[in-house]
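Reader: I would like a close look at the aromatic rings of this protein. Please explain how they sit with respect to each other, and then place them beside the sheet.

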Amino acid sequence: MNSKAESFKAYLDKNKITSFTIEEIKDDQLNSVIFRSNIEVNGQQLPTIVILDSSIYGMIRILVAPKVLNDNNETELFKEVNNLNKAYKSFKYYFDNEGSLIADCCVLLKDGTVDGDLFYTMFKVIIRNLNSEYKKMMQLIWK
């Protein structure tokens with residue numbers, strides 16, 4: 001396990017946070033470790049991962065809505081995601097190659113450790129945003 005993953009695991013253990021499962025990616029050049037969990041937004045469980053590897057970055061990634069982009073909603077969703085991305089600096093929404101809506105937060109980790117309090121602050125910011133924007137996004141998706 002890389003040093004950042006070890007420090008995040010120590011933070012979780014110290015704070016008795018048991019909502020994550022841990023997966024070390026075998027034969028990965030960056031020694032990636034994935035911490036998997038879910039967050040609740042408007043009664044929905046959204047898959048959430050923390051990606052920690054040997055790079056200078058740590059990533060929080062949330063699957064907001066799987067495989068939802070289509071010809072009928074594409075224009076309005078792109079406009080909404082662009083507006084959200086202009087409003088929020090600390091994380092960004094995008095659509096992956098399968099048309100799933102993702103929220104990513106990239107954190108610089110220059111000393112090889114994770115500030116668990118910072119990560120949990122970022123979780124709170126993202127969850128607060130999702131709780132206020134999720135219903136509108138879902139209305140555009142299912143329009």
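Author: F91 is buried, since its relative accessible area is 2% (buried is under 20%, exposed over 50%, partly exposed in between, with a 1.4 Å probe and protein chains only). The model is predicted, so local features need pLDDT of at least 70 and side-chain atom pairs pLDDT 80 or more, while totals for chains, interfaces and linings use all residues. Residues are numbered from 1 along each chain as its sequence is written, and side-chain values use heavy atoms, without hydrogens and water.

Searching the whole structure gives eleven aromatic pairs (ring centres of Phe, Tyr or Trp, the last by its six-membered ring, within 6.5 Å; planes under 30 degrees apart are stacked, over 60 edge-to-face, the rest tilted). One of them joins F8 and F20: the ring centres are 5.8 Å apart and the planes stand at 75 degrees, so this pair is edge-to-face. It links distant parts of the chain, because F8 lies in helix α1 (residues 3-14) and F20, twelve residues away, in the loop between α1 and β1 (21-24). Helices (H or I, at least four residues) and strands (E, at least two) are DSSP runs numbered from the N terminus. F8 has 0% relative accessibility and is therefore buried. F20, at 13%, is buried as well.

F91 itself pairs with Y88, and here the rings are stacked, with 5.6 Å from centre to centre and 20 degrees between the planes. Y88 is partly exposed, with a relative accessible area of 26%, whereas its partner F91 is buried.

Ring pairs also build a cluster, whose members are F8, Y11, F20, F35, F119, Y120 and F123. F8 and F20, the edge-to-face pair described above, both belong to this cluster.

Now the sheet. It is open and has six strands in the order β1-β2-β3-β4-β6-β5, paired antiparallel (a pair of strands needs at least two DSSP bridges). At the edges stand β1 and β5 (92-95); each has a single partner strand, so one side of each is left without a neighbour in the sheet. From one strand to the next the twist averages 25 degrees (axes are lines fitted to C-alpha atoms, and angles run from 0 to 180 degrees between N-to-C directions).

Within the sheet, β3 (residues 44-52) and β4 (residues 57-65) run antiparallel and are joined by five bridges. V50 faces I60, a residue of β4. In general, the strands of a sheet pair through backbone hydrogen bonds, in a parallel or an antiparallel way.
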